[in-house]
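Colleague: Please give me a close look at one part of this model, the second largest pocket, together with the element that contributes most to its lining.

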Amino acid sequence: MASVEDKAGAGTSKLSIEERLETGMALKEKGNEYFKKQEYRNAMKSYHKALLYVKGIIDRPNLPGLEASEEDISDEAKNNIHKVQFSCYNNLAACLLKDGRWDRTEHYCTEALKLQPQNAKALFRRGQSYFYMKDFEKAERDLRAAEKLEPKDSSIKKMLALLEVELKKIKEKEKKIYAGMFDRHSQKE
């Protein structure tokens with residue numbers, strides 16, 4: 001059997017659906033190995049390649065001459081494709097989070113949440129990315145949703161505590177601004 005790297009070089013057009021799915025799963029696992037070794041760039045490459053292999057298998061138009069239509073793909077295969085896609089999106093977000101690339105983290109979390117809307121990790125990561133991009137309203141929404149799903153998760157609690165501190169700072173600044181406005185207004189009278 002050819003290695004993952006050999007198949008990755010061959011392109012997807014000549015592979016069957018089963019081979020594409022198998023290669024996508026293998027590349028995702030390779031990405032996981034890189035992630036464990038903290039080799040985030042290599043992990044991201046593997047996750048991207050995995051997505052390329054499974055992309056379009058079930059979300060493509062049914063055109064004449066194509067190998068199979070969506071109806072020809074088993075429910076198990078569809079489920080596995082969604083698992084690979086979700087894992088790759090969520091793991092790409094984790095890599096990008098480590099790299100401080102908040103906008104890309106948010107993007108991949110959103111893609112993951114399209115597949116699993118109630119996933120606490122994806123909600124937490126997207127909440128973190130919103131926090132660091134200073135979109136505190138969206139951060140609070142996602143972090144609260146993650147907390148409902150995982151009420152005992154200490155990482156979520158810590159992030160919510162950081163958010164509370166930032167929200168207090170904003171309220172204090174607003175109070176000072178408004179107090180200053182009213183002070184000046186009353187002095188003019």
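Modeller: Helices here are DSSP runs of H or I with at least four residues, numbered from the N terminus. The model is a predicted one. On that footing, the largest share of the lining of the second largest pocket, five residues, comes from H6. The pocket itself has a volume of about 160 Å³. Its lining consists of Leu 97, Ala 120, Lys 121, Phe 124, Arg 125, Gln 128, Glu 150, Asp 153, Ser 155 and Ile 156. Two elements give two or more residues to this lining, namely helix H6 (120-132) and helix H8 (154-188). By character, the lining residues divide into four nonpolar, two polar and four charged.

H6 itself merits description. The helix has 13 residues and reaches 18 Å from its first C-alpha to its last, close to the 18 Å expected at 1.5 Å a residue. At its N-terminal end, H6 is capped by Asn 119, a side-chain oxygen of which lies 3.1 Å from the backbone nitrogen of Lys 121. Lys 121 also belongs to the pocket lining. Just after H6, Lys 134 adopts a positive phi of about 65°.

H6 is mostly covered, with 11 of its 13 residues buried. Among the buried residues are Ala 120, Phe 124, Arg 125 and Gln 128, and these four residues also line the pocket. Further buried positions in H6 include Ala 122, Leu 123, Arg 126, Gly 127, Ser 129, Tyr 130 and Phe 131.

Note on methods. Residues are numbered from 1 along each chain as its sequence is written. This is a predicted model: local features need pLDDT of at least 70, side-chain atom pairs count only at pLDDT 80 or more; totals for chains, interfaces and linings use all residues. Side-chain values use heavy atoms; hydrogens and water are left out. On a 1 Å grid over the protein atoms alone, a cavity is a set of points where a 1.4 Å probe fits but cannot get out, and a pocket is an open set with protein on both sides within 12 Å along at least five of seven lines; lining residues have an atom within 4 Å of a point. Grid points are joined across faces, edges and corners, and a volume is the space filled by probe spheres set on the points. Ala, Val, Leu, Ile, Met, Phe, Trp, Tyr, Cys and Pro count as nonpolar, Asp, Glu, Lys and Arg as charged, and the others, Gly among them, as polar. The expected span of a helix is 1.5 Å times one less than its number of residues. Buried means under 20% relative accessible area, exposed over 50%, partly exposed in between (1.4 Å probe, protein chains only). A polar contact is a pair of N or O atoms within 3.5 Å; within protein, one must be able to donate a hydrogen and the other to accept it, and residues adjacent in sequence count only if both atoms are side-chain atoms.
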